[in-house]
Structure formats: structure tokens, C-alpha cells
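Work through the following exercises with the coordinates at hand. Each task is followed by a stepwise solution.

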Amino acid sequence: MKTTEKQNPSPSKAQFFELFPKMGVDFIKIRLLFYGLSGFLMIGTLVLLISRGGPKLGIDFTGGISVQFSAGTAAIEEVRAALAKEDIGGDVQSLGVPGEYMARFKKEEEERGLDAKLDNVLAALDPSGNAKVLSKDFVGAVVGQKLRDQAIMAIALSFLGIIVYVGFRFKNLIWGVAGVLAIIHDVWVTIGFITLLGYEIDLVVVASLLTLAGFSINDTVVIFDRLRERMRVYVREPLYDAINKALNDTMSRTLLTAGLVFMSTLALVLLGGQTLRPFSVALLFGVVVGSYSTIGVASNLVYTWATLTGLKGR
């Protein structure tokens with residue numbers, strides 16, 4: 001007997017606040033539009049990176065100099081202004097003790113007279129002579145290369161783990177591969193965005209990309225789980241209809257969650273200061289593109305794959 005929604009109870013589901021009414025959008029019908037937009041963003045990122053000689057890497061990956069110093073009563077904005085005046089604008093962070101800071105410089109700065117310029121900066125910040133360098137460390141290129149390899153390995157292993165876990169949970173690798181392709185889309189486009197803004201990629205930005213990957217796959221799995229429930233109860237429902245209904249059913253949850261994360265991250269962008277700016281901007285953009293991909297990329301890839309292979313995604 002054909003299974004219909006009227007003959008069966010609704011699949012169990014969490015009761016989310018319905019921020020938006022049932023929209024009934026045919027996401028599968030407009031999948032080529034999503035593919036075209038994603039293709040444009042990914043190719044645009046590739047062209048941008050090629051035109052700029054690759055992503056702009058920070059000293060975590062290229063090597064550099066880390067200097068801790070006391071600056072009397074000078075605020076961090078005064079320190080940055082003094083460094084900029086000497087044309088050695090480095091990445092300045094507070095050490096949590098009033099008047100003590102850490103600045104990181106590219107290794108090329110050493111050849112441009114970094115020590116003499118730092119002396120000028122400290123003298124300008126505290127004419128009494130109490131400002132001084134507390135420590136100076138070098139981050140070698142070999143260490144930077146090792147950190148870069150470890151960062152790539154961490155991302156690759158996380159993607160592999162997601163494929164295995166989601167594939168095992170949904171009993172078909174289609175789901176895991178589609179979810180990881182959506183994550184790769186999100187991370188790649190976000191790298192293009194922060195490159196466009198001129199930010200460097202360091203370990204903090206890598207942390208934001210991994211956070212973005214976690215956010216994206218979590219949202220995707222929620223939709224996949226909803227879809228799996230429909231496929232289990234309405235066994236004769238076409239995959240086309242099941243995906244559309246799952247996406248529409250979870251739309252309020254997706255937009256509400258993304259909206260709250262977006263507002264929290266926006267506050268971090270506005271109030272978090274210059275040091276956290278690359279991290280917070282990458283995360284802010286990532287929330288937007290990650291929410292888009294869970295709706296326009298991941299589920300549509302499952303449908304396209306299932307249609308081409310005849311596996312029906314089950």
C-alpha cells in the first residue's frame with residue numbers, strides 16, 4: 001500500500017520556533033542556479049589567489065620575530081601608532097599585564113634595522129626610559145613549514161573523519177561526501193574573501209576555518225537527519241520531494257541559528273579589536289556562506305549524485 005502523509009504519523013522532530021511560515025520553495029528545481037553561484041565564487045577565488053601569488057601567509061607559517069616589551073603607560077593604540085610611524089607595523093597583542101605587549105614581525109624586518117626602530121618606538125612611548133624589550137624569539141621557516149603541514153593535516157583528517165562518520169551514520173557515503181564538498185566550498189570561498197581583504201592566514205585564521213567547518217557540517221547534518229526521517233517513514237516519496245520538504249521544514253531553524261551566530265560574530269568584529277579582526281571577519285563571512293551551502297549545495301549534491309548513479313541516496 002502506498003505510504004502517504006495522511007496515512008502515517010508525522011516523523012518525530014524537534015519543535016523549532018517557526019520564525020518563518022512554510023515557504024514551499026522548490027530548491028531542487030533551482031539547483032543549477034546554486035551550482036552556478038557556487039562555481040562563480042570558487043573560480044573567482046582561484047583567479048584571485050593566482051593573481052596574488054597565493055594566500056598571504058602569516059609568520060606562523062613563513063617564520064618571523066616575536067618581541068615582548070613593556071611600554072610604560074602607553075595604550076595598545078599608541079603602540080600601534082608608534083610602530084606605524086617607524087614603518088614596522090607588526091601584529092600587536094596585549095599580554096594581560098598593563099603596559100606589556102607582544103608584537104610579531106616578518107623576518108625581513110630584521111634586515112631593515114628592527115632593533116634600532118624598536119628602540120625609537122620605546123623611547124617615544126616612555127621618554128623616562130622605563131620602556132624596554134623583555135624577550136625576543138625567532139620563529140624559523142622550518143617551524144613555520146611544520147606548522148603549515150600540521151594545519152593542512154588537521155583539516156584533511158577532519159574532512160576524512162566527517163566522511164566516515166556521516167557515511168556510517170547514514171549508511172551511504174553519498175551523504176558524507178556531499179557534506180565534505182560543501183565544507184570545502186565554504187572554506188575555499190572564505191579563504192578567497194579574507195585574501196581579498198588583505199588579511200594574512202595564520203594559526204588563528206586556521207582556527208576560524210575549522211570552526212566554520214564544524215558549524216557548516218552541523219547544520220548540514222540537521223537537514224540530512226530530517227531528510228532521513230522522511231525517507232524512513234515515507235518510503236515511496238520521491239527523493240525530489242523529500243529533499244524539498246526537509247529543507248523547507250528546517251528553514252526556520254537554519255535561519256534562526258545562523259542569525260544568532262551572525263549577530264554574536266558581528267559583535268566580535270565591531271568590538272573585538274584589531275588583533276581578532278581576521279578571525280572574526282573570517283567567521284562572520286563563513287557563517288553566511290556556510291548557511292547558504294547547507295541549503296543550496298549539500299542536499300542538491302545528494303540529489304544530483306543519486307540521480308546520476310541511480311542509487312536514490314538511500
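**Exercise 1.** What span should the 33 residues of α11 have at 1.5 Å a residue, and how far apart are its end C-alpha atoms?

Solution. The model is predicted: local features need pLDDT of at least 70, side-chain atom pairs count only at pLDDT 80 or more, and totals for chains, interfaces and linings use all residues. Residues are numbered from 1 along each chain as its sequence is written, and side-chain values use heavy atoms, with hydrogens and water left out.

- Step 1. Helices (H or I, at least four residues) and strands (E, at least two) are DSSP runs, numbered from the N terminus.
- Step 2. The expected span of a helix is 1.5 Å times one less than its number of residues, so α11 should span 48 Å.
- Step 3. The end C-alpha atoms of α11 are 44 Å apart, which agrees.
- Step 4. At serine 293, α11 bends by about 45°; the bend is the angle between axes fitted to the seven residues ending at a residue and the seven starting there.
- Step 5. After α11 comes glycine 310, with a positive phi near 75°.

**Exercise 2.** Determine how much of α11 and of the whole chain is buried.

Solution.

- Step 1. Buried means under 20% relative accessible area, exposed over 50%, and partly exposed in between (1.4 Å probe, protein chains only).
- Step 2. In α11, 24 of the 33 residues are buried.
- Step 3. For the protein chain of 314 residues, the buried share is 43%.

**Exercise 3.** Which helices each supply at least two residues of the largest nonpolar core?

Solution.

- Step 1. A nonpolar core is a set of buried Ala, Val, Leu, Ile, Met, Phe, Trp, Tyr and Cys residues joined through side-chain atoms within 4.5 Å.
- Step 2. The largest has 45 residues, and Trp175, Ile183, Ile201, Phe224, Leu227 and Ile243 have the most contacts inside it.
- Step 3. The helices are α1 (31-51), α6 (141-170), α7 (173-196), α8 (203-233), α9 (239-249) and α11 (277-309). The most comes from α8, with 11 residues.
- Step 4. Contact means heavy atoms within 4.5 Å. Not counting residues up to four places away in sequence, leucine 227 touches Trp175, Ala242, Ile243 and Ala246.
- Step 5. Apart from this core lies another of 20 residues, including Ala74, Ile76, Val121 and Leu125.

**Exercise 4.** Describe the surroundings of threonine 265 in helix α10 (residues 251-271).

Solution.

- Step 1. With a relative accessible area of 5%, threonine 265 is buried.
- Step 2. Its side chain reaches the backbone oxygen of valine 261 at 2.7 Å.
- Step 3. Leaving out residues up to four places away in sequence, threonine 265 touches Ser280, Leu283, Leu284 and Val287.

**Exercise 5.** Classify two aromatic pairs and locate their members.

Solution.

- Step 1. Rings of Phe, Tyr and Trp (its six-membered ring) pair if their centres lie within 6.5 Å; planes under 30 degrees apart count as stacked, over 60 as edge-to-face and the rest as tilted. The count is five aromatic pairs.
- Step 2. Phenylalanine 193 and phenylalanine 285 are stacked, at 4.1 Å centre to centre and 5° between the planes.
- Step 3. Phenylalanine 193 lies in α7 and phenylalanine 285 in α11, so the pair ties together parts 92 residues apart in sequence.
- Step 4. Tyrosine 240 and tyrosine 303 have ring centres 5.6 Å apart and planes at 80°, so the pair is edge-to-face.
- Step 5. Tyrosine 240 is in helix α9 and tyrosine 303 in helix α11, 63 residues apart.
- Step 6. Tyrosine 240 is partly exposed at 25% relative accessible area, whereas tyrosine 303 counts as buried at 15%.

Methods: Polar contact = N/O pair within 3.5 Å; in protein donor to acceptor, adjacent residues only side chain to side chain.
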